[in-house]
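Here is a short report on how the helices and chains of this model meet. Have the structure open while you read.

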Amino acid sequence: LPGLHIFAIALALEVSVGKTNTVTALNNSNVLLPCTFTTCIGFQDLVFTWYFNSTELVADPAPLPLQIYHGKIKNKATEPTLIWHNPRVEFVGSTTKKDNNISIVLNGVEFSDAGKYTCHVKNPKERNAQHNATIFLTVVHKMVETDNTVTLIIVGVVGGLIGLLILFMLIKRVVLFIIKKTQDGKKECLVSSSGNDNTENGLAGSKAEQKAPPKA
Amino acid sequence: MLVLLAGIFVVHIATVIMLFVSTIANVWMVGSSNVGTISTGLWLLCNKTCTQLPVSSRDEASLKAVQAFMILSIIFSVVALVLFIIQLFTLEKGKRFYMTGAVMLVCWMCILIAVSIYTARFTGTMVYSTNPHHGYCFILAWICFCFSFIIGILYLVLRKK
């Protein structure tokens, strides 16, 4: 029935692997593969499986995904029960707390473990609704720290220039203030001197001289 | 006078655009190899697809310096443009565009440092290719160097009418 099918999608179960779906791990370490699921109407006898699809091995036809963990959860009040697991995989999730966490830890990571890990969940209570999410694991020899030399240089130069500008303005203000203070003393003398300016008389005189020759 | 001002403004905008293009496009050095033409820039090495630029450990610091100073030159040229427009409306008659000129000259210094380091360190051999020659981004950067100097000096000399 198409109507009920759409209804099922609207109420669907959702699986999430967190904000980013890539995980980088150091060779020979233990890596956490996070996975949580949310249901709208609760769950009963929920079955979850972790699959591994290798990106290292290239074969034709492509290899089927490998099951690495298979568990079952009766209801919200109980922890998951193990059905089968790969010996290197350890369950570290908990479904009795607020969020349904079904994360696993892969011990002793090797380069051949790089690939796609799928967390698959099936909820019989929601008409066998299924959902999955994938994480991509990369295994590296050495963890590279992000380099921010460029940012440091830019921030350093811009900050330094702004600082120099502020310093320059301050010094200019201070110097002008000092000059004004020292000149205040001298201004008294200028005010008390005679009112007429020599320059004005000079100009007037020159004007009179210029007017004379055309008349003649 | 207005014509001169308009001309300087147009050259300034052209400088900003050229700086953006020069920094972002990855065509500073171009060479040919058995797979076609390869171009390298400040950030990536491009053939048909682009990958991370391979840089030897002794050149790493120089490349970071070039990247940083090209970005700084873009920042300062844009700041000078905005300052010019602000000063156009707020400066009193007869005064000079000191702030704009000063910022433009700082931008000139940044371009000078960036292209000098690049010319000294990265010209010559280029990985994976033979016959390397300079690409258009390198030429644009040197053109911006000249333009920014001229514009900076002009701003310091120009008086507001």
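A crossing is called left-handed if the near helix is turned anticlockwise from the far one by less than a right angle, and right-handed if clockwise. With that in hand, H1(B) passes H4(B) in a left-handed crossing. Note that this is a predicted model.

**H1(B) against H4(B)**

The axes of H1(B) and H4(B) come within 9 Å and cross at roughly 150 degrees. Angles over 145 degrees count as roughly antiparallel, and therefore H1(B) is roughly antiparallel to H4(B). On the H1(B) side, the contact residues are B:Ile8, B:Val11, B:His12, B:Thr15, B:Met18, B:Leu19, B:Val21 and B:Ser22. H4(B) contributes residues including B:Tyr136, B:Cys137, B:Leu140, B:Phe147 and B:Tyr155. By class, this contact has 15 nonpolar, three polar and no charged residues.

**H1(B) against H2(B)**

H1 of chain B spans residues 2-24, and H2 of chain B spans residues 60-90. They pack at an angle of about 155 degrees, with their axes 9 Å apart. H1(B) and H2(B) are therefore roughly antiparallel to each other. Their crossing is left-handed. From H1(B), the contact takes in B:Leu5, B:Phe9, B:His12, B:Ile13, B:Val16, B:Leu19, B:Phe20, B:Ser22 and B:Thr23. Among the partners on H2(B) are B:Met70, B:Ile74, B:Val78, B:Leu81, B:Phe84 and B:Leu88. The residues divide into 14 nonpolar, five polar and no charged.

B:His12, B:Leu19 and B:Ser22 deserve a look. They take part in the contact with H2(B), and they also take part in the contact with H4(B).

**H3(B) against H4(B)**

H3 of chain B covers residues 98-122, and H4 of chain B covers residues 136-157. Their axes come within 8 Å and cross at roughly 155 degrees. H3(B) and H4(B) are therefore roughly antiparallel to each other. H3(B) passes H4(B) in a left-handed crossing. Residues of H3(B) in this contact include B:Tyr98, B:Met104, B:Trp108, B:Ile111, B:Val115 and B:Tyr118. They face a set on H4(B) that includes B:Phe138, B:Trp142, B:Phe145, B:Phe149, B:Gly152 and B:Leu156. The contact has 18 nonpolar, five polar and no charged residues.

B:Ala141, B:Cys144, B:Ile151 and B:Tyr155 of H4(B) meet H3(B). These residues also belong to the contact with H1(B).

**Annotated spans**

For chain B, an unreviewed UniProt entry lists residues 7-29, 65-85, 97-118 and 138-158 as "transmembrane region". For chain A, the UniProt annotation "transmembrane region", also from an unreviewed entry, covers residues 150-171. The table gives values for some of these spans.

| Span | End C-alpha distance | Helix | Strand |
|---|---|---|---|
| Chain A, residues 150-171 | 31 Å | 100% | 0% |
| Chain B, residues 7-29 | 32 Å | 78% | 4% |
| Chain B, residues 65-85 | 30 Å | 100% | 0% |

**Between the chains**

How many residues of chain A are in contact with chain B? Eight are, and they meet ten residues of chain B. The two chains bury about 820 Å² between them, 91% of it on carbon and sulfur atoms. In chain A, A:Val150, A:Ile153 and A:Ile154 lose the most area to chain B. Together they account for 48% of what that side buries.

Conventions. Residues are numbered from 1 along each chain as its sequence is written. Chains are lettered from A and ligands numbered from 1 in the order in which they are written. This is a predicted model: local features need pLDDT of at least 70, side-chain atom pairs count only at pLDDT 80 or more; totals for chains, interfaces and linings use all residues. Side-chain values use heavy atoms; hydrogens and water are left out. UniProt positions are given in the numbering used here, feature names are shortened, and annotations may be inferred rather than shown by experiment. Helices (H or I, at least four residues) and strands (E, at least two) are DSSP runs, numbered from the N terminus. Axes are lines fitted to C-alpha atoms, for helices over the stretch in contact, and angles run from 0 to 180 degrees between N-to-C directions. Angles under 35 degrees count as roughly parallel, over 145 as roughly antiparallel, 65 to 115 as roughly perpendicular and the rest as oblique. Contact means heavy atoms within 4.5 Å. Ala, Val, Leu, Ile, Met, Phe, Trp, Tyr, Cys and Pro count as nonpolar, Asp, Glu, Lys and Arg as charged, and the others, Gly among them, as polar. Buried area is the accessible area (1.4 Å probe) that two parts lose on being put together, summed over both.
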